[in-house]
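Thanks for coming. I will take a few minutes to go through one structure, starting with a pair of strands and working outwards. Please have the sequence and the view open.

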Amino acid sequence: MVNTDNFLSVSHLNISFNGNTVIKDLSFNIKKGTLTSFLGPSGSGKTTVLRAIAGLNQAFAGQIMLDGQDITNLQPNQRNIGMIFQSYALFPNLTVFDNIAYGLRVQKKSKAEIEKAVTDMLAVIGLTERRDYYPANLSGGQRQRVAIARSMVLEPKLLLLDEPLSALDAKTRVELRNQIKRYQQELGITMIFVTHDQTEAMAISDDVLIMSLGELEQQGSAMDIYTNPKTMFVADFIGNHN
Ligand code: ADP
């Protein structure tokens, strides 16, 4: 049954590409209102799992439950899940305001509702003054904030962020990861954050899920993983990436 500990519940997920198994019997739970990082080397399957949760993968075996609902066979747009990628993919011909308003207009919200929701979201991301700018006139960090706002304004049950900071310079990366943490806490959004950067994962996560070759090595708090690595892989991965 639903409780806040298994808000998202992935059970026995198996995914193969051309007969090659890349996700092997993966099961985990995610608590409501937390930020969980998927951490692991490139090719360990992080994006593949994220895409399965979002409904963007080809066939797989297993079950995915979100907030008590079996979403395994739902279309992506029926899942109430937002997804943010490394590239921001904003509409270049729409202003910041209109980019954020886009999904609300698709949902046929009233003009007044849209004005309020977007204005509130602009304040959260600190871009009130930039509401009439076009993406080309924003910095990379600002564009990514708009992309995140565009998802958050739809109030998804779950927000998936796939290496959202990779395209940014080091200073902006640190600023934006702190901002993402703040949005997550202020708005109480459940987030999954995919990264291969352990400093990033450890800095912002309530929970870290470490993957290697399509398998779950360990799930726990950053402290837990540092002080009590369960496998050689985890000890090595943490130890070698400081
Ligand atoms: P990560 O996100 O951890 O870097 P991925 O989920 O992108 O890892 O990839 C995991 C494995 O699955 C890799 O070996 C990758 O080559 C393979 N893979 C991912 N997507 C496809 C695809 N569409 N077709 C074939 N192989 C794929």
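Start with β6 and β7, which run parallel and are joined by four bridges. Within that pairing, M83 stands opposite L160 in β7. Before I go on, note that this is a predicted model.

On to the next pairing. β7 and β8 also pair in the parallel sense, over five bridges. There, L159 stands opposite M191 of β8. How much of β7 is covered? Four of its five residues are buried, so the strand is mostly covered.

Now the sheet that these strands belong to. It is an open sheet of six strands, in the order β6-β7-β8-β3-β9-β10, and its pairing is mixed. Why do β6 and β10 each have one side without a neighbour in the sheet? β6, residues 81-84, and β10, residues 215-220, stand at the edges and have a single partner strand each, so one side of each is left free of a neighbour in the sheet. On average, neighbouring strands here are turned by 15° against each other, direction ignored.

Further along the same order come β3 and β9. Strand β3, residues 35-39, runs parallel to strand β9, residues 207-212, and four bridges join them. F38 has L209 as its bridge partner in β9.

Two helices should be mentioned with this sheet. Helix α4, residues 140-152, packs on the sheet and touches β6 and β7. The direction of α4 makes about 170° with that of β6. Helix α1, residues 46-54, lies across β3, β6, β7, β8 and β9. Relative to β7, α1 runs at about 150°.

Let me stay with α4 for one residue, M152, which lies in that helix. Is M152 buried or exposed? M152 has 22 C-beta neighbours inside 10 Å, and therefore counts as buried. Leaving out residues up to four places away in sequence, M152 touches M121, L159, Y183, L187 and I189. L159 we have already met, opposite M191 in β8. Another pair to look at is M152 and Q184: they are 32 residues apart in sequence, and their C-alpha atoms are 9.6 Å apart in space.

M121 takes us to the next helix, α3, where M121 is one of the buried residues. Does the length of the helix agree or disagree with expectation? Helix α3, residues 111-125, has 15 residues, which at 1.5 Å a residue should span 21 Å; the end C-alpha atoms are 21 Å apart, so the two agree.

Which residues of α3 are buried? They are I114, V118, M121, L122 and I125. These residues cover an arc of only 105° around the axis, which means they sit on the same side of α3. The general background is that an α-helix has 3.6 residues a turn, so residues three or four places apart point the same way. The face of α3 turned away from the buried side carries exposed residues, namely A112, E113, K116, D120 and A123. What covers the buried residues of α3? The cover includes α2, residues 96-106, and α4. After α3 comes G126, with a positive phi near 70°.

Now to strands that I have not yet described. Strand β1, residues 8-17, and strand β2, residues 20-30, run antiparallel and are joined by seven bridges. In this pairing I15 stands opposite I23 of β2. The hairpin of β1 and β2 has two residues between the strands, and N18 takes a positive phi there, near 50°. β1 also pairs with strand β4, residues 61-66, in the antiparallel sense over five bridges. In that case S11 stands opposite Q63 of β4.

Last, the chain as a whole. Its secondary structure comes to eight helices and 10 strands. The radius of gyration is 18 Å, close to the 18 Å that the globule rule gives for 242 residues, so the chain is as compact as a globular protein of that length. Taken along the principal axes, the C-alpha atoms fill a box of roughly 50 × 40 × 35 Å. Of the 242 residues, 37% are buried. Among contacts with a separation of 6 or more, 66% are between residues 24 or more positions apart.

That is the end of the walk-through.

Key: Residues numbered from 1 in each chain as written. Predicted model: local features only at pLDDT ≥ 70, side-chain atom pairs only at ≥ 80, totals over all residues. Pairing = 2+ DSSP bridges. Axes fitted to C-alpha atoms, helices over the stretch in contact; angles between N-to-C directions. Contact = placed C-beta atoms within 7 Å. Expected span 1.5 Å × (residues − 1). Buried ≥ 20, exposed ≤ 12 C-beta atoms within 10 Å, placed from the backbone. Arc of directions from axis to C-beta. Rg over C-alpha atoms; globule rule 2.2 N^0.38 Å.
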